[in-house]
Amino acid sequence: MVKENREELEFRRVEVAARIVEPGEPGGRETSKPVEIRYDPVSGRSCRITFARAATEGEKTLPPPPPTAAERASCPFCRPQVERLTPTLSPQLSDQPRLKRGESLLFPNLFPYGRYSAVSVVDDNHFVEIGTADAAAYADCLLNCVDYLHRVMAADPEAVYLAITQNHLPAAGGSLVHPHLQVHADRIPANLPRFLETRANAYHAAAGSYLFSDYLAHEKQEQSRLIGASGEWHWLAAFAPEGFFELWAIRPGSCSLLELSDGEFSALADGITRVQKFYRSLGHNAYNLGMVACEKPDSRLELRLRMVVRSDYAEWTRNDITGFETMLGEMATFSAPEETAARARKFWPASGS
Ligand SMILES: [Zn+2]
């Protein structure tokens with residue numbers, strides 16, 4: 001077998017400096033403001049770290065709960081009205097109207113994103129302040145998603161592009177504050193899974209090894225962005241983040257969401273709730289989470305879950321997606337991934353890596 005192809009996994013960074021005269025600086029003396037441009041070894045996409053902005057951020061405190069935190073009665077995901085206000089599964093998929101796992105409840109998305117699109121509500125807790133979620137409840141919620149995906153694939157084996165996502169709080173795109181995941185299956189991949197499938201398969205053909213396993217092997221050697229492990233999931237700060245405080249969990253050697261054991265989802269949920277505690281410690285309350293799978297026997301795309309902080313759900317918050325991201329197509333974040341990893345490590349057991 002050919003050894004991994006290091007050329008394909010270049011952890012490239014370029015440092016540039018902007019020279020400016022600070023406001024009120026006497027004599028027009030210039031200051032150098034460093035900016036680092038990094039290239040993601042997986043996607044090839046660049047991002048930039050604008051360190052100057054971080055210096056103005058200061059210590060943050062968690063925003064207060066939103067007004068809807070107390071509005072159980074009008075929430076369609078709260079019991080008992082969830083049974084009345086949410087759609088039910090096609091009989092092709094289930095003889096029960098909704099899937100239940102522990103306290104988690106899964107039903108079709110009223111506003112579907114694709115051929116198979118469902119919502120998995122974590123439990124009956126309407127508003128859960130970030131960092132206080134129950135890992136066992138998240139494990140049940142993930143297992144509910146997997147149950148749904150098993151049923152979809154049994155009914156439609158061509159719907160191989162699977163994904164689990166989360167928009168925690170409306171600032172991250174969530175329509176309701178009630179914690180829930182979205183689960184998707186489709187015959188037509190979205191942009192990222194389409195790219196990742198091609199990239200991972202081509203990498204394997206060229207290098208004889210797996211893309212995310214090799215990425216992780218590099219990071220284990222490098223150490224600076226490694227955070228810890230939960231079961232077989234290895235957590236690290238993304239080298240070239242496309243979101244604030246972007247963390248990855250890589251599950252080396254597994255290309256199938258449907259073949260993981262229940263224990264693997266408990267371990268994943270444990271890691272997710274640790275990240276939530278980390279985000280809380282930074283004073284942020286909103287985030288996105290996502291994981292994709294290409295459920296084909298010959299897929300070389302290993303599982304990787306991503307989490308990114310989003311703008312806080314609070315009045316008059318500055319949005320994190322600016323003209324730089326929407327118009328130039330490049331994320332500008334403020335802090336070095338190595339610093340993110342160092343701050344996140346204390347939320348994992350010391351022996352975790
Ligand atoms: Zn609710």
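**Confidence, core and two loop residues**

This model is predicted. Its chain has a mean pLDDT of 94, and 96% of the residues reach 70 or more.

Me: Over which residues is the pLDDT below 50?
Reply: Low pLDDT is a warning: the predicted coordinates there should not be read in detail. The stretch in question has eight contacts in the model beyond near neighbours in sequence. It covers residues 1-7.

Me: Which helix gives the most to the largest nonpolar core?
Reply: That core has 91 residues. Among those with the most contacts inside it are Tyr138, Leu142, Cys145 and Leu149. The helix giving the most spans residues 135-155 and supplies 11 residues. It is α3.

Me: Which residues does Leu149 touch, not counting residues up to four places away in sequence?
Reply: Leu149 is one of the residues with the most contacts inside the largest nonpolar core. Beyond its sequence neighbours, Leu149 touches Leu162, Val183, Ala185, Leu257 and Leu258.

Me: Is α3 parallel or oblique to α6?
Reply: Helix α6 covers residues 262-281. The axes of α3 and α6 lie 8 Å apart, at an angle of about 130 degrees. Angles over 145 would count as roughly antiparallel, and 65 to 115 as roughly perpendicular. The angle therefore makes α3 oblique to α6.

Me: Is the crossing of α3 and α6 left-handed or right-handed?
Reply: The two helices meet through side-by-side lists of residues. In α3 these include Tyr138, Leu142 and Val146; in α6 they include Phe265, Leu268 and Ile272. As α3 passes α6, the crossing is right-handed.

Me: Is Cys78 exposed, partly exposed or buried?
Reply: Cys78 sits in the loop between α1 (51-57) and α2 (82-85). It has 18 C-beta neighbours inside 10 Å. Buried needs 20 or more, and exposed needs 12 or fewer. So Cys78 is partly exposed.

Me: What separates the C-alpha atoms of Cys78 and Val121?
Reply: Cys78 is in contact with Arg72, Asp124, His126 and His178, leaving aside neighbours within four places in sequence. Val121 is 43 residues from Cys78 along the chain. Their C-alpha atoms are separated by 9.1 Å.

Me: Is Ile188 buried or exposed?
Reply: Ile188 lies in the loop between β8 (180-186) and α4 (191-207). It has 11 other C-beta atoms within 10 Å. The limit for exposed is 12 or fewer. Ile188 is therefore exposed.

Me: What separates the C-alpha atoms of Ile188 and Thr132?
Reply: Along the chain, Ile188 and Thr132 are 56 residues apart. In space, their C-alpha atoms are separated by 36 Å.

Technical notes:
Residues numbered from 1 in each chain as written. Predicted model: local features only at pLDDT ≥ 70, side-chain atom pairs only at ≥ 80, totals over all residues. Core = buried A, V, L, I, M, F, W, Y, C linked by C-beta atoms within 7 Å. Helix = DSSP H or I, 4+ residues; strand = E, 2+ residues; numbered from the N terminus. Contact = placed C-beta atoms within 7 Å. pLDDT = per-residue confidence, 0-100. Axes fitted to C-alpha atoms, helices over the stretch in contact; angles between N-to-C directions. Parallel < 35°, antiparallel > 145°, perpendicular 65-115°, else oblique. Left-handed = near helix turned anticlockwise from the far one by under 90°.
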